[in-house]
Amino acid sequence: MTKIVLIIADGLGDRPIAELGYQTPLEAATTPHLDRMAKEGICGQMHTIDVGVRPGSDVAHLHIFGYPMGEAYSGRGVFEVLGVGMDLQRGDIAFRGNLATMEGGKLKDRRAGRMSSSLVIEPGMKVQIEDVTFLLSPAVSHRVGVIMRGPGLTHDILDVDPHNTGEAPRRKLAKDTRKESQKTERVINAFVDHMAAYLCNHPKIKQLKAEGKPHGNFLSLRGAGEHIHLLSFKEKYGLTACCISGAGLYKGVARAVGMDILNVEGATGTLDTNLDAKVKACVEQLPKYDFVFVHMKFADSLAEVGDFKGKKVFIERIDKSLAPLLKMEDTVVFFSGDHSTACSLKAHSGDPVPAVFWGPRTVVRTDACTSFGERACQQGGMGHFKGLDVMQELLNLAGKQHLVGN
Ligand code: ZN
């Protein structure tokens, strides 16, 4: 039975860079494996959401998995809490929480020096405000998963986090005068006050403060989202699926669509991540699963600080890691990014992402592309396509599409 591998190199696409002779980091990189895939596969340009739209990574992944944002997305918090292993119930509202440092009523450091939240937040911690329960779990560095559970609440509120240092956290959170908006604002403010008192009195925070070190004396909230039950990959496509990712958000999106989460040693989602271990784990899991999703984070992070040389080198590392996959028989591989991240903008851009479908020679119709890159893929046989098309084409190539009509 044909297996499917979907590899996303986060923020893969880019714009031409003068210092690279007007090439992109991907074009400037030496990528023999990706070039081979382009030669043996069928290429194209993916507009993850739509032409010119700048996708966030969460929505981009949902679209690539075949779940349109209008039906599947209400806020990033949902995927953050799923990514740290918290369980959501219908009606729950989830947030990205982060420890922050407050001074004189204003935010001094929105990330509290990236101190480890596990020093002060215990897994399973709960806070009761009126008839609403807040559940907390430590996440990577300063981040904290927060779930708000109770009747008469809404996710349609403003962030507590003002997104700028030197400003006071927001207390006016309701967007309107509806009863649920007012209640949500009231219980969140009480929760934030409770957590500020808890953190200020915590011995670890007192100690860090006394030592002049970054200390999180405030829990900021953002990205409120309401849990929406999504059909699993098994229900939607009939595929058993797993996810290999070092970063929480992507594990969260994968969990939301019912994928098993594999923890691979050395897969960190940071610069020192072990890409070879991820691809090796993918190859090992293929006998067990119909579909394996591999996420590779750091090209995006380098582009977000404008490090085009670092992005080029990281793409070369990605390319090298792909070697074992290209030995697989009866396997269809999709390789692309979730969006472009332009080093010149230090931000996601609405430019399409180069993409390739690779598989057995008797299945994939090759095209004229002989190398993999932004401009090379403009010649590809898949032309322009959207994120929502990816699963359809993968199912087709893997021989798993049902006949439409008679
Ligand atoms: Zn991304």
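**Entry: Asp10**

I began with aspartate 10, and in this predicted model its relative accessibility is 0%, so I noted the residue as buried. I then looked up where aspartate 10 sits, and found the loop between strand S1 (3-9) and helix H1 (25-28).

**Entry: the zinc ion**

Which residues are the protein donors of the zinc ion? I listed Asp10, which appears twice through OD atoms, Ser57 through OG, Asp338 through OD and His339 through NE2. These donors lie 2.0 to 2.8 Å from the zinc ion. I wrote their spacing in sequence as D-x46-S-x280-D-H. Aspartate 10 and aspartate 338 are 328 residues apart, so I noted that the pair links distant parts of the chain. For aspartate 338, I traced the loop between strand S12 (331-336) and strand S13 (340-342). Is aspartate 338 buried or exposed? I found a relative accessible area of 0%, so aspartate 338 is buried.

**Entry: His61**

Next I turned to histidine 61, which I found in helix H3 (residues 57-65). Its relative accessibility is 1%, so I put histidine 61 down as buried too. I followed its side chain to the backbone oxygen of serine 57, at 2.9 Å; Ser57 is also one of the zinc donors. Leaving out residues up to four places away in sequence, I found that histidine 61 touches Ile8, Asp10, Tyr250, Val253, Phe293, His295 and Asp338. Two names in that list, Asp10 and Asp338, were already in my notes as zinc donors.

**Entry: helix H2**

Which residues of helix H2 (residues 32-40) are buried? I noted Leu34, Met37 and Ala38. Looking down the axis of H2, I saw that its buried residues fall within an arc of 100°, so they line one face of the helix. I then checked what they pack against, and wrote down H1, strand S2 (42-47), helix H12 (308-321), S12 and strand S15 (353-358).

**Entry: Gly70**

I went on to glycine 70, which has its place in helix H4 (residues 69-72). Its relative accessible area is 76%, and because the cut-off for exposed is over 50%, I marked glycine 70 as exposed. I also checked its separation from valine 59: the two are eleven residues apart in sequence, and 9.8 Å apart in space from C-alpha to C-alpha.

**Entry: two positive phi angles**

I looked up two residues that have a positive phi without being glycines. Tyrosine 22 has a phi of about 60° and is found in the loop between S1 and H1. That is the loop I had noted for aspartate 10. With a relative accessible area of 56%, tyrosine 22 is exposed. For histidine 163, I found a phi near 70°, and I located the residue in the loop between strand S7 (143-149) and helix H6 (179-200). Histidine 163 is partly exposed, at a relative accessible area of 35%.

**Entry: the two domains**

Last, I looked at the domain assignment, which gives domain 1 (3-73 + 229-397) and domain 2 (80-226). Their centres, taken over C-alpha atoms, are separated by 33 Å. How many residues of domain 1 are in contact with domain 2? I found seven, and they meet seven residues of domain 2. The area buried between the domains is about 520 Å², with carbon and sulfur atoms giving 53% of it. On the domain 1 side, Leu249, Gly252 and Arg255 lose the most area to domain 2, together 67% of what that side buries.

Conventions
Residues numbered from 1 in each chain as written. Predicted model: local features only at pLDDT ≥ 70, side-chain atom pairs only at ≥ 80, totals over all residues. Heavy atoms only, no water. Donors = N, O, S within 2.8 Å, 3.2 Å for Na, K, Ca; no water. Helix = DSSP H or I, 4+ residues; strand = E, 2+ residues; numbered from the N terminus. Buried < 20%, exposed > 50% of the residue type's maximum accessible area, 1.4 Å probe, protein only. Arc of directions from axis to C-beta. Contact = heavy atoms within 4.5 Å. Polar contact = N/O pair within 3.5 Å; in protein donor to acceptor, adjacent residues only side chain to side chain. Domains from an automatic or database assignment. Buried area = accessible area lost by both parts, 1.4 Å probe.
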